[in-house]
Amino acid sequence: MLSEKMEKALNQQINAEMYSAYLYLSMASYFESVDLEGCARWMKAQTQEEMIHAMKIYDYVIERGGRVLLEGIKAPQQEWDSALAVFEHAYEHEQYVTSLINSLMNLSIEEKDHATQIFLQWFVSEQVEEEASASGVVQRLKLAGGDQGGGLFMVDKELGQRALPISMPAA
Ligand code: FEO
């Protein structure tokens, strides 16, 4: 059984993961508006990843006999100045999420909740990947000459190769 504190903190993390999904979907929509289809696909894949993260925590809370209480998801940013600005924002956001996961881990240690510590280990490793993939795109955009012309087109094409974690029916 989860402590009240732990249950509340896990519920907050479900909200944070759903917000992340919403933020990345907003980034996808921005990219569609400037005809960067590959960047949009990368962000849609990232949106799905975040929903998977939220569902993992949802299932865990239920499995431990807790109650999931969903709250409002705040509206994400809608406009950015450039592709580079979007990916820099994504990288910053992932660093923030890492800090949330670390706080959850600290709480599970304080609460002597060993099962939650083991559960959270997956998220600790996942955040290493999440930060690396966002900062990797930032680096590639910078190397490709930033935000204009052929370099951006090339990176967009490359990002369009990202597989969607959840396959969607053809439109
Ligand atoms: Fe759910 Fe991107 O961290």
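Visitor: Which residue follows helix 3 and has a positive phi?
Guide: This is a predicted model, where local features need pLDDT of at least 70, side-chain atom pairs count only at pLDDT 80 or more, and totals for chains, interfaces and linings use all residues. Residues are numbered from 1 along each chain as its sequence is written, and side-chain values use heavy atoms, without hydrogens and water. Helix 3 (helices are DSSP runs of H or I, at least four residues, numbered from the N terminus) is followed by a residue with phi near 55 degrees. That residue is K112.

Visitor: How far apart are the end C-alpha atoms of helix 3?
Guide: Helix 3 covers residues 83-110, which makes 28 residues. At 1.5 Å a residue (times one less than the number of residues), helix 3 should span 40 Å. The computed distance agrees: 41 Å.

Visitor: Is Q13 buried or exposed?
Guide: Q13 sits in helix 1, residues 4-33. Its relative accessible area is 3%. The cut-offs are under 20% for buried and over 50% for exposed, with partly exposed in between (1.4 Å probe, protein chains only). So Q13 is buried.

Visitor: Which residues does Q13 touch?
Guide: Contact means heavy atoms within 4.5 Å. Residues up to four places away in sequence are not counted. The partners of Q13 are I57, V97, L100, I101 and L104.

Visitor: Which helix gives the most to the lining of the largest pocket?
Guide: A pocket is an open set of points on a 1 Å grid over the protein atoms alone, where a 1.4 Å probe fits, with protein on both sides within 12 Å along at least five of seven lines; lining residues have an atom within 4 Å of a point. Helix 1 and helix 2 (37-63) each supply at least two lining residues. The top contributor, with eight residues, is helix 1.
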